[in-house]
Amino acid sequence: MSLGNDKFYITTPLYYVNDKPHVGTAYCTITADVLNRYHKLFGRETFFLTGVDEHGQKCQQAAQKRGLEPQAHCDDMALRFKEAWQELNIDYDLFFRTTDDYHKQGVQKSLQQLLDQGDIYSKDYSGWYCVSDEMFYPEKDLVDGKTPEGKEVIWIEEKNYFFKMSKYQQALIQHIEDHPDFIHPESRRNEVLGFLRQPLGDLSISRPKSRLSWGVEIPFDPEHVTYVWFDALLNYATAVGFQQPERQKDFAKWWPASFHLLGKDILTTHAVYWPTMLMALGVPPPKTLFAHGWILNKDQGKMSKSQGEVINPLDLKNLVGVDGLRYYLVRDIHLGNDAPISEELVVNRYNTDLANNMGNLYSRSSNLIDKYFAGVTPSLMDVGGHWGEDPSAVNLIELLQKTPELLRREVEAFSPSRALEHVVQLLNQANKYLEETAPWKMAKEDLPGAGRVLLLSLEVLRLSALLLYPVMPAKMEELLSRLGQSQEPKDWSRAKTFPAIAPSTPIQKGSPLFQRYQAS
Ligand code: ME8
């Protein structure tokens, strides 16, 4: 796919503030953070947006339950999300809140524009509404009087304003057909095209204040507030300056967004409501929407705040560290698929890939450098001036030089789990090379030979640390520093440099990089 070489603007959904973050929302946010950090490493200027969705009935009810005013409830919840993201080392550029004034004004301007151009009308409406999803459901879609996912619906009769979404149905179908990268994975794209084979209705975009007062007031009817999805979706554009004349340059710079990451549960709102809203407003749709799968609970159902049974990401963090958790989520969950999570799975992955594979390579190499080379790297000249001709060294160097591009290709194809496999393979091969050559024995008869083996395994570690830095920023920073690379920039040219470690670089042996986790 072609992302262009310069800018990358990535978003997560804005999470509802009806409860605190859990491992499902952490999964989406960590994945976006990792993708963002990769694109930065590839040399792009990036912008990463996340935040919270504060309006709507769901939030109003959650505030009522706590005996708080909605704004006080939102302030508290926004803080909890921010704290969780800080603990998980999420490096966002903007934390968005839909209650911010500039956003509310952007929503009102958009509504006014659509009214003025004849894309909004009002009518009396009745239908089945699901508060949990904040959506109306057609009667035919209900299963035993509930939503297809089994959530409660209530009957509502009221005056609503409608956006003429149906007017843009053909243009949307055309857009999806002309832009194969617009919706990923492909199965989801087909799902949306299937949905669009039926006539598309218009979208109710208001709620009477008598039922719901917590929302952005409709600018042309103060008795109504804006439908929460219409308000929240606009965040992706108002965040970078949409409808703010003083920020036109920002908007021109960042829009269209490169990548909206979202769960498959909210694909319709993003793939149908959002692009038709943008088309009506005269703004191009985002480049790519990616619908990821669900983190499953014990019963193989979606882990969700409304269902109650959720894992706190911070508990898993206490087990294997932030980076261990981040690594598991990206390595074991193929983006787009559903996947289970449990302490056992997270710990197994941590032990296999991090404590054993990477950790062993580092501890063996650093210990031997300490023992035979006084803790500093020999120069290649001092150990024979070449890497040796044995096929395992030649193959390992070849793989090392290929790995950055192999990884990059997978990241750009939205497949970070496969990208990580390339690094794991490189580390596996380096460990095998160490086993075969046994530098701990070789050092006694052929010190230069052992030096070459160790230099090569340090090169593999250095490159792996750089390539895994977006996934495990703290641990890989530490590893790079132990390898004497803390002054080196983390950029793509360094990924392409071989050899990269200067002669006489001190290598710290230190404590294990990843302490092996022993189940109690
Ligand atoms: O839908 N597994 O907010 P939300 C994986 N406010 N991802 C999960 C998950 C799970 N078990 N549970 C939640 C909303 N997510 C709206 C969005 S955007 C303009 C408005 C993630 O709090 C997943 O990305 O219900 C899902 O789409 C998102 O959280 C929904 O969060």
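Which residue in S11 does proline 208 stand opposite? I looked this up at the start of my notes and found histidine 224. I record here that the model is predicted.

**Entry 1: the sheet that holds S9**

I followed strand S9 into its sheet and found an open sheet of three strands, in the order S9-S11-S10, with antiparallel pairing. I noted that strand S9 (206-208) and strand S10 (217-218) are at the edges. Each of these two has a single partner strand, so one side of each is left without a neighbour in the sheet.

I then took the pairs of strands in turn. S9 and S11 are joined by three bridges and pair in the antiparallel sense. S10 and strand S11 (residues 221-226) also run antiparallel, and two bridges join them. In this part of the sheet I located isoleucine 218, which stands opposite aspartate 221 in S11. The connection from S10 to S11 is a hairpin, made through two residues.

**Entry 2: a sheet of four strands**

I next examined an open sheet of four strands, whose order is S5-S4-S6-S8 and whose pairing is antiparallel. Which strands are at its edges? I identified strand S5 (135-137) and strand S8 (203-204), each of which pairs on one side only.

I looked up how S5 is held to its partner. Strand S4 (residues 120-130) pairs with S5 over three bridges, in the antiparallel sense. One residue I checked by name was cysteine 130, and its bridge partner in S5 is methionine 135.

**Entry 3: the two domains**

I turned from the sheets to the division of the chain. Domain 1 covers 7-331 and domain 2 covers 342-495. I noted a distance of 41 Å between the C-alpha centres of domain 1 and domain 2.

How many residues of domain 1 are in contact with domain 2? I recorded 24 residues of domain 1, in contact with 31 residues of domain 2. The size of an interface is often given as the accessible area lost when the parts come together. For domain 1 and domain 2 I wrote down a buried area of about 2800 Å², with carbon and sulfur atoms giving 73% of it. Within domain 1, the residues that lose the most area to domain 2 are Leu41, Tyr327 and Arg331, which together make up 28% of what that side buries.

**Entry 4: contacts across the interface**

I searched the interface of domain 1 and domain 2 for salt bridges, and the rule finds two. I also looked up the salt bridge in which the side chains of arginine 331 and aspartate 353 meet, at 2.7 Å from N to O. For polar contacts between domain 1 and domain 2, I noted a count of nine residue pairs, with both residues at pLDDT 80 or more.

Which elements supply the side of domain 1 that touches domain 2? I listed helix H1 (23-41), strand S13 (288-292) and helix H11 (313-332), each supplying at least two residues. H11 gives the most to this side, with ten residues. I closed the entry with the classes on the side of domain 1 that touches domain 2: 13 nonpolar, five polar and six charged residues.

Conventions
Residues numbered from 1 in each chain as written. Predicted model: local features only at pLDDT ≥ 70, side-chain atom pairs only at ≥ 80, totals over all residues. Heavy atoms only, no water. Domains from an automatic or database assignment. Contact = heavy atoms within 4.5 Å. Buried area = accessible area lost by both parts, 1.4 Å probe. Salt bridge = Lys/Arg side-chain N within 4 Å of Asp/Glu carboxyl O. Polar contact = N/O pair within 3.5 Å; in protein donor to acceptor, adjacent residues only side chain to side chain. Nonpolar A, V, L, I, M, F, W, Y, C, P; charged D, E, K, R; others polar. Pairing = 2+ DSSP bridges.
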